[in-house]
Amino acid sequence: MTTLALTINGRAYGPTEIRDDLSMNDFLREVLGLTGTKFGCGAAQCLACAVIVDREDGTSYTNPTCIVAAANFNGKTIRTVEGHAQNGELTALQKGFIEHFSFQCGYCTPGFLNESQVLLERLAKTKVARADLEKTIAEALDGHLCRCTGYVKYHQAVRDVVLADPDRYLA
């Protein structure tokens, strides 16, 4: 048994005892009922299970949860797909995904949404030249798999969010 305490979507959880082999995906979905994080391939290859991990320095990264023990997240601050909308208001990124009908079955959407949010936060701190935007988005979303092949629509949604606020994201 391992003791786990962490912050998820701004709310503290734990300390609580968990099995050493409990995956973070199972902890989120089965223990906490946060089912927005999907279990895709079970091998951290599709990244439908990716959550955002926030560092103390204000930067963030995504981390798969399907093969990573929940204990590895002890003391960390994470965000899941349930943490994006605030007070019932969707983020610009969520609205963009809907406007572009980026998701078809929706299974991969949480991973794409989390990765895209990390990208937007990074661009807000380190702007990118307009000429490099397409490549930057493609590199950020690389590795996320969509079984319905919605890649172009995800890409377009992220691009439109960036272009709608060029002073924030573009150099």
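Which residue in β2 does Ile 8 stand opposite? Ile 8 faces Arg 11 there, and that pair is a handy way into the fold. Bear in mind as you look around that this is a predicted model.

Let's stay with those strands for a moment. β1 and β2 run in the antiparallel sense, paired over six bridges. They form a hairpin with two residues between the strands, and in this hairpin Asn 9 takes a positive phi near 55 degrees. Ile 8 has a second partner to look at: it also stands opposite Ile 78 in β5. Here the pairing is of the parallel sort, with two bridges joining β1 and β5.

Now zoom out to the sheet. It's an open one, made of five strands in the order β2-β1-β5-β3-β4, and its pairing is mixed. Which strands stand at the edges? They are β2 (11–18) and β4 (60–63); each has a single partner strand, so one side of each is left without a neighbour in the sheet. From one strand to the next, the twist averages 35 degrees.

Over at the β4 end, the partner is strand β3, which covers residues 51–54. These two strands pair in the antiparallel sense over four bridges. If you'd like to trace the pairing residue by residue, Val 51 stands opposite Asn 63 in β4, while Asp 54 has Ser 60 as its bridge partner. This is a hairpin too, with five residues between the strands, and Gly 58 takes a positive phi near 90 degrees in it.

Next come the helices that lie on the sheet. Helix α1 (residues 24–31) packs on it, touching β1 (2–8), β2, β3 and β5 (77–79). Its direction makes about 70 degrees with that of β1. Which residues of α1 are buried? They are Met 24, Asn 25, Phe 27 and Leu 28. An α-helix has 3.6 residues a turn, so residues three or four places apart point the same way. In α1, the buried residues pack against β1, β2, β3 and β5. After the helix comes Gly 33, which has a positive phi, near 75 degrees.

Helix α3 is the other one to find. It lies across β3, β4 and β5, and runs at about 165 degrees to β4. The helix spans residues 109–125, with Gln 117 among them. Is Gln 117 buried or exposed? Gln 117 counts as buried, because its relative accessible area is 14% and the cut-off for buried is under 20%. Once you set aside neighbours within four places in sequence, Gln 117 is in contact with Ile 52, Arg 79, His 84 and Leu 93.

Asn 114 sits in α3 as well. This residue is also buried, with a relative accessible area of 1%. With neighbours within four places in sequence left aside again, its contacts are Ala 50, Val 51, Ile 52, Thr 62, Arg 79, Thr 80, Val 81 and His 84. You've already met Val 51, the residue opposite Asn 63 in β4.

From Val 51, try jumping to Leu 163. The two are 112 residues apart along the chain, and their C-alpha atoms are separated by 25 Å. Leu 163 belongs to helix α5, which runs over residues 151–164. With a relative accessible area of 31%, Leu 163 is partly exposed. Not counting residues up to four places away in sequence, Leu 163 touches Arg 130, Leu 133 and Leu 170.

One more stop: the space inside. How many cavities of 30 Å³ or more are there? The count comes to one, and the volume of the largest cavity is about 80 Å³. Its lining is made up of Gly 40, Cys 46, Ala 48, Cys 105, Gly 106, Tyr 107, Cys 108, Leu 145, Cys 146, Arg 147 and Cys 148. Sorted by class, that lining has eight nonpolar residues, two polar and one charged.

Definitions and conventions:
Residues are numbered from 1 along each chain as its sequence is written. This is a predicted model: local features need pLDDT of at least 70, side-chain atom pairs count only at pLDDT 80 or more; totals for chains, interfaces and linings use all residues. Side-chain values use heavy atoms; hydrogens and water are left out. Buried means under 20% relative accessible area, exposed over 50%, partly exposed in between (1.4 Å probe, protein chains only). Contact means heavy atoms within 4.5 Å. On a 1 Å grid over the protein atoms alone, a cavity is a set of points where a 1.4 Å probe fits but cannot get out, and a pocket is an open set with protein on both sides within 12 Å along at least five of seven lines; lining residues have an atom within 4 Å of a point. Grid points are joined across faces, edges and corners, and a volume is the space filled by probe spheres set on the points. Ala, Val, Leu, Ile, Met, Phe, Trp, Tyr, Cys and Pro count as nonpolar, Asp, Glu, Lys and Arg as charged, and the others, Gly among them, as polar. Two strands pair if DSSP finds at least two bridges between them. Axes are lines fitted to C-alpha atoms, for helices over the stretch in contact, and angles run from 0 to 180 degrees between N-to-C directions.
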